[in-house]
Amino acid sequence: MQRAKYVLSEVMVGLWRNVTMTVAMIITMAVSLTMLGASGLMYLQVNSMKDFYYDQIEVAIFLNNDVTDAQRASLDSALRGDPLVAEVIYEDKAKAHEKFKVMYADAPDLVNAVKPDQLPESFRVRLKNPEQFQEINQKYQNSEGVETIVDQQRLLDKIFNILGSVQNMALLAATVMAIAALLLVGNTIQVAAYSKRREVAVMKLVGASNWFIQAPFVLEAVVAGTIGSILAFAGLVVGKMFLLDGSLRDLTELLTPLGWSEVLLMFPLMAGVGSLVSAVTAWVTLRFYLRV
């Protein structure tokens, strides 16, 4: 019990003795963990979007203007009997024009300029497996009456590639900040160890164990890392409340909502990373500088 009290008291004294560097270490750790948590949330969000939008993907098979009833009926029968197809919806010129008016409601001149007979008929096909577009394309691209086949996945893939790049940039920035935090942790522990070098020498002479000597320094780093993770989590909560649920609400609902469960999931990740990395960095620093 006495040893535990001594270790805890030394931790508090050490944090207060180097308060400026401690605050800098906490802030740097908080920023790097915030970016780590944000990149983790973005990773979960991108995966959620993929699951949602890929499930809604349609293959549009546009027909020639001179398609015959027999060609249309043959293609309809083939699609409905295809084992790769989950659902088939036929869209005639009138339906295509109604959809066009809704899509371009903000451009009335364009809507008035386009007549129903100028838009092609089409089959809207939803696949059981969206990744099997190439098989559908090969089957029907040369069918009679077919003009062109368009897969929404091509557009979505471009969007997700952009989001993936943003995700990687956030992770890279978090990594750079983490390296800066580690260097600062190591420097802070080095300064603390130097200021107590005489005490450490005396403790070694009286036979104190390596663990007993190292524990206060390591716990200083762990406390700083834990406080940094709490501040980082608070930053994510504020961002969720005032950005994602506030000014960016319409955008997040379009992309797929980000729930509180995902935000809460980030806290143990950030706390674990902040504490563990800080502890390991402090231990390695002590081994190098104190030779204990």
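This report describes the nonpolar cores, the annotated transmembrane spans and one buried serine of a predicted model.

The largest nonpolar core holds 24 residues, and those with the most contacts inside it are Leu-41, Val-185, Ile-189, Leu-236, Val-263 and Met-270. Two or more residues of this core come from each of H2, helix H7 (152–195), helix H9 (210–247) and helix H11 (260–289). H9 gives the most, with eight residues. Apart from this core lies another, of 17 residues, including Leu-84, Phe-123, Tyr-140 and Ile-149.

Val-263 is one of the residues with the most contacts inside the largest core. Leaving out residues up to four places away in sequence, Val-263 touches Leu-41, Phe-233, Leu-236, Val-237 and Lys-240.

The unreviewed UniProt entry lists residues 21–44, 170–194, 215–243 and 263–286 under "transmembrane region". Values for two of these spans are tabulated below.

| Span | Distance between end C-alpha atoms | Helix | Strand |
|---|---|---|---|
| residues 21–44 | 34 Å | 100% | 0% |
| residues 215–243 | 41 Å | 100% | 0% |

Ser-39 belongs to helix H2 (residues 19–55). Is this serine buried or exposed? Ser-39 has a relative accessible area of 5%, and it therefore counts as buried, the cut-off being under 20%. Beyond its neighbours within four places in sequence, Ser-39 is in contact with Gln-167, Ala-170 and Leu-171.

Key: Residues are numbered from 1 along each chain as its sequence is written. This is a predicted model: local features need pLDDT of at least 70, side-chain atom pairs count only at pLDDT 80 or more; totals for chains, interfaces and linings use all residues. Side-chain values use heavy atoms; hydrogens and water are left out. Helices (H or I, at least four residues) and strands (E, at least two) are DSSP runs, numbered from the N terminus. Buried means under 20% relative accessible area, exposed over 50%, partly exposed in between (1.4 Å probe, protein chains only). Contact means heavy atoms within 4.5 Å. A nonpolar core is a set of buried Ala, Val, Leu, Ile, Met, Phe, Trp, Tyr and Cys residues joined through side-chain atoms within 4.5 Å. UniProt positions are given in the numbering used here, feature names are shortened, and annotations may be inferred rather than shown by experiment.
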